[in-house]
Amino acid sequence: MKRALITGITGQDGAYLADFLLKKGYKVYGTFRRVSTPNFWRLQYLNIFDKIELISVDLLDSFSIIESIKISRPNEIYNLAAQSFVGASFEQPIASGEITGLGVTKILEAIRNIAPDVRFYQASSSEIFGDNTFSEQSETTHFNPSSPYAAAKLYAHNMVKIYRNGYGLYACNGILFNHESPLRGLEFVTRKITNSVAKIRLGLENNLELGNLDSRRDWGYAPEYVEAMWLMLQQDKPDDYVIATNETHSIKEFLNIAFDFIGLNWENYISVNEKFIRPVDVRHLKGNYTKSSENLGWKPNIHFKDLVEIMVKSDLERWIKWQKGEHFAWDAWNYPNEKRILSRKLKLER
Ligand code: NDP
Ligand code: GDP
């Protein structure tokens with residue numbers, strides 16, 4: 001039986017990847033952070049919480065990483081743990097660098113020293129392309145990070161290449177473009193919108209504040225993207241791959257489909273609050289996944305409209321169940337409206 005160690009098992013991708021690997025017959029070990037209130041809701045939501053071996057790891061603590069490798073003796077390690085939110089990386093640039101950047105070197109060093117035959121997947125990101133003028137981005141496009149998050153991811157991306165070329169590790173960067181699902185974190189714009197759309201439909205909310213409505217993303221469906229992570233580790237040679245849909249859409253287009261689904265006009269419910277506008281934003285992302293399609297045989301099947309509708313439908317169903325008094329594992333019921341979260345306007349006027 002193959003053994004996989006997934007860091008960041010409590011996150012969106014951690015949950016879907018664990019589900020995918022369990023179905024493939026893997027023994028799955030997942031790392032979680034010790035926090036004051038447990039946050040295993042995604043694993044519970046997918047009904048896999050009891051099937052995973054749990055290990056407590058913080059990427060800030062090298063020894064906990066080494067311990068997790070010694071305990072799990074994995075064939076494959078998937079590093080999905082990160083401070084993963086671009087917005088927070090402007091508020092916490094140092095923690096973002098230490099976790100999302102240097103944390104990866106700690107894992108690579110641990111692998112080099114105690115498990116050099118392990119196959120390693122690093123969750124790289126389309127954010128490393130930054131604010132560029134290219135119509136689409138592939139593995140050979142120039143990297144130009146535009147946030148502390150992206151700079152940390154690019155550092156990690158380069159370290160993976162250095163350990164692959166310098167020490168012969170089987171290590172891959174998956175350059176994944178944005179991928180969403182009903183398990184997406186509530187602070188990301190897609191889920192922020194679909195959660196509010198559901199609440200507006202049920203009369204629980206009447207307005208949503210957002211930032212830059214014109215930026216464009218290449219949004220895919222997370223359960224399909226975790227399969228690509230696995231495929232990268234099943235090849236003869238390690239390499240870096242773009243995973244995307246090759247479509248780009250704006251936040252306004254997302255709003256249009258989401259509000260259409262509940263029969264309302266988004267323009268009556270959305271206002272722009274400057275506190276959600278980033279000091280530097282990535283305006284346009286569209287991934288070219290030709291290499292993944294040719295080498296891995298991977299392609300996306302869920303496209304933009306379906307993705308938006310899957311998310312709205314699921315948030316609507318959850319709020320309806322909640323209103324009926326049903327209790328189940330999810331995140332939104334005690335998440336504060338972001339209007340309530342105090343923060344400095346990110347962009348400085350000079
Ligand atoms: P999530 O934010 O949902 O999950 C991140 C995970 O990292 C959580 O389990 C979190 O634990 C854990 N984590 C955070 N800080 C630490 C730390 N110091 N030590 C150990 N674990 C930590 O992200 P996703 O699942 O969406 O993304 C997975 C990975 O892919 C991330 O690295 C992300 O940056 C990257 N990525 C994601 C994309 C996307 O569109 N989803 C696109 C491209 C890259 P906790 O629950 O305790 O916070
Ligand atoms: P990212 O691509 O990883 O930064 O994913 P996000 O979902 O956080 O942001 C996608 C885009 O939506 C960015 O260009 C944001 O500036 C834009 N956006 C506009 N309003 C908001 C908002 O209220 N919250 C977030 N998270 N993003 C917003």
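Which backbone atom of Val189 lies 2.9 Å from an oxygen atom of ligand 2, and of what kind is it? I looked this up first, keeping in mind that the model is predicted, and found that the atom belongs to the backbone N or O atoms of Val189.

**Entry on ligand 2**

I then went through the other polar contacts of ligand 2, and noted that a backbone N or O atom of Gly211 lies 2.7 Å from a nitrogen atom of the ligand, while a polar side-chain atom of Asp281 lies 2.7 Å from one of its oxygen atoms. Taken alone, ligand 2 exposes 530 Å², and I recorded that the protein buries 97% of that area. I listed 18 residues around ligand 2, of which Lys192, Ser215, Arg217, Arg278 and Asp281 come nearest. When I sorted this shell by residue type, I obtained eight nonpolar, four polar and six charged residues.

**Entry on ligand 1**

I turned next to ligand 1, which has 25 residues around it, with Thr10, Arg33, Asn39, Ser84 and Tyr149 coming nearest. Backbone N or O atoms approach oxygen atoms of this ligand from Gly8 at 3.3 Å, from Gln12 at 3.0 Å and from Ala82 at 3.1 Å. I noted that ligand 1, taken alone, exposes 900 Å², of which the protein buries 90%. I also checked which elements give two or more residues to its shell, and these are helix H1 (12-23), strand E5 (119-125) and helix H6 (148-167); E5 gives the most, with three residues. By type, the shell around ligand 1 divides into ten nonpolar, ten polar and five charged residues.

**Entry on aromatic rings**

I searched the whole structure for aromatic pairs and found 20. One that I wrote out is the tilted pair of Phe129 and Phe143, with 5.4 Å from centre to centre and 45° between the planes. Both residues lie in the loop between E5 and H6, so their pairing ties together parts that are 14 residues apart in sequence. I checked burial as well, and both Phe129 and Phe143 are buried.

I also followed a cluster in which ring pairs link Trp319, Trp322, Phe328, Trp330 and Trp333. Phe328 appears again in my notes on charges over rings, since Lys321 lies over its face at 4.5 Å from the ring centre. Elsewhere in these notes, I entered Arg112, whose charged end sits over the ring of Tyr167, 4.5 Å from the centre of that ring.

Definitions and conventions: Residues numbered from 1 in each chain as written. Chains lettered and ligands numbered in written order. Predicted model: local features only at pLDDT ≥ 70, side-chain atom pairs only at ≥ 80, totals over all residues. Heavy atoms only, no water. Near = heavy atom within 4 Å. Polar contact = N/O pair within 3.5 Å; in protein donor to acceptor, adjacent residues only side chain to side chain. Areas by Shrake-Rupley, 256 points an atom, 1.4 Å probe, with all protein chains shown as cover. Helix = DSSP H or I, 4+ residues; strand = E, 2+ residues; numbered from the N terminus. Nonpolar A, V, L, I, M, F, W, Y, C, P; charged D, E, K, R; others polar. Phe/Tyr/Trp six-rings, centres within 6.5 Å; stacked < 30°, edge-to-face > 60°. Buried < 20%, exposed > 50% of the residue type's maximum accessible area, 1.4 Å probe, protein only. Lys NZ or Arg CZ within 6 Å of the ring centre and 35° of its normal.
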